[in-house]
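Reader: Hi! I'm new to reading protein models, and I'd like a close look at one part of this one.

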Amino acid sequence: MDVARKLFVGLAWLFVLAVAIQFLLAGLGVLGGESIEPHRQWGFIVLHLIPILMLIAAIVGRTGRTVIALTVLLFLLVFVQPLFADAQLDPRWLRSLHVLNALFIFALGHHLARRGTRTTVRGTGVAA
């Protein structure tokens with residue numbers, strides 16, 4: 001279980017880094033004159049995969065209901081994220097939720113990483 005908890009923390013911090021990279025790729029695509037495709041691909045592959053792995057580690061590591069529920073919420077926020085960027089979304093103002101949801105995704109990922117780190121450092125093993 002200790003290995004799974006440590007893996008959860010490592011994945012959570014990796015997720016935070018991956019979201020920062022995602023912001024960079026968005027900036028390159030929107031403001032840097034580059035293609036937006038790396039932003040789409042990175043988000044679809046990396047940002048969907050890591051929360052799934054985090055959830056498995058949270059369950060195996062018995063991190064507690066709250067951490068597991070927040071990890072499920074993180075996955076759901078990531079899952080709906082591309083829907084907000086859909087050019088067909090009507091009314092169009094709903095597309096602005098893509099940026100706001102990205103903020104929530106980053107904040108929740110950071111919260112889970114810090115919470116897991118505190119729990120691991122204290123050695124309690126269970127993130128209440």
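Which residue forms a salt bridge with aspartate 2, and how far apart are the closest N and O atoms?

Author: Before we zoom in, keep in mind that this is a predicted model. The partner you're after is arginine 5, and the closest N and O atoms of the pair are 2.9 Å apart. Both residues sit in helix H1, and because they are 3 residues apart there, about one helical turn separates them. Now check how open each one is. Aspartate 2 counts as exposed because its relative accessibility is 51%, and the cut-off is over 50%. Arginine 5, on the other hand, is buried, with a relative accessible area of 14%.

How does that fit into the rest of the structure? A search of the whole structure turns up 2 salt bridges. Besides the pair you asked about, arginine 40 and glutamate 37 meet through their side chains, at 3.5 Å from N to O. These two are in helix H2, again 3 residues apart, so about one helical turn lies between them. Glutamate 37 is partly exposed, at 35% relative accessible area.

While you're on helix H2, which covers residues 37-60, look for isoleucine 56. Isoleucine 56 is partly exposed, at 49%, and joins Leu49, Ile52, Leu53 and Val60 in a nonpolar surface patch with about 420 Å² of accessible area together.

Last stop: the largest pocket, with a volume of about 650 Å³. Among the elements that give two or more residues to its lining are helix H1 and H2, the helices we just visited. The lining divides into 14 nonpolar, 7 polar and 1 charged.

Technical notes. Residues numbered from 1 in each chain as written. Predicted model: local features only at pLDDT ≥ 70, side-chain atom pairs only at ≥ 80, totals over all residues. Heavy atoms only, no water. Patch = residues over 30% accessible without salt bridge, like charges linked within 9 Å, V, L, I, M, F, W, Y side chains within 5 Å. Areas by Shrake-Rupley, 256 points an atom, 1.4 Å probe, with all protein chains shown as cover. Salt bridge = Lys/Arg side-chain N within 4 Å of Asp/Glu carboxyl O. Helix = DSSP H or I, 4+ residues; strand = E, 2+ residues; numbered from the N terminus. Buried < 20%, exposed > 50% of the residue type's maximum accessible area, 1.4 Å probe, protein only. 1 Å grid on protein atoms, 1.4 Å probe; cavity = no way out; pocket = protein on both sides within 12 Å on 5 of 7 lines; lining within 4 Å. Points joined across faces, edges and corners; volume = space filled by probe spheres on them. Nonpolar A, V, L, I, M, F, W, Y, C, P; charged D, E, K, R; others polar.
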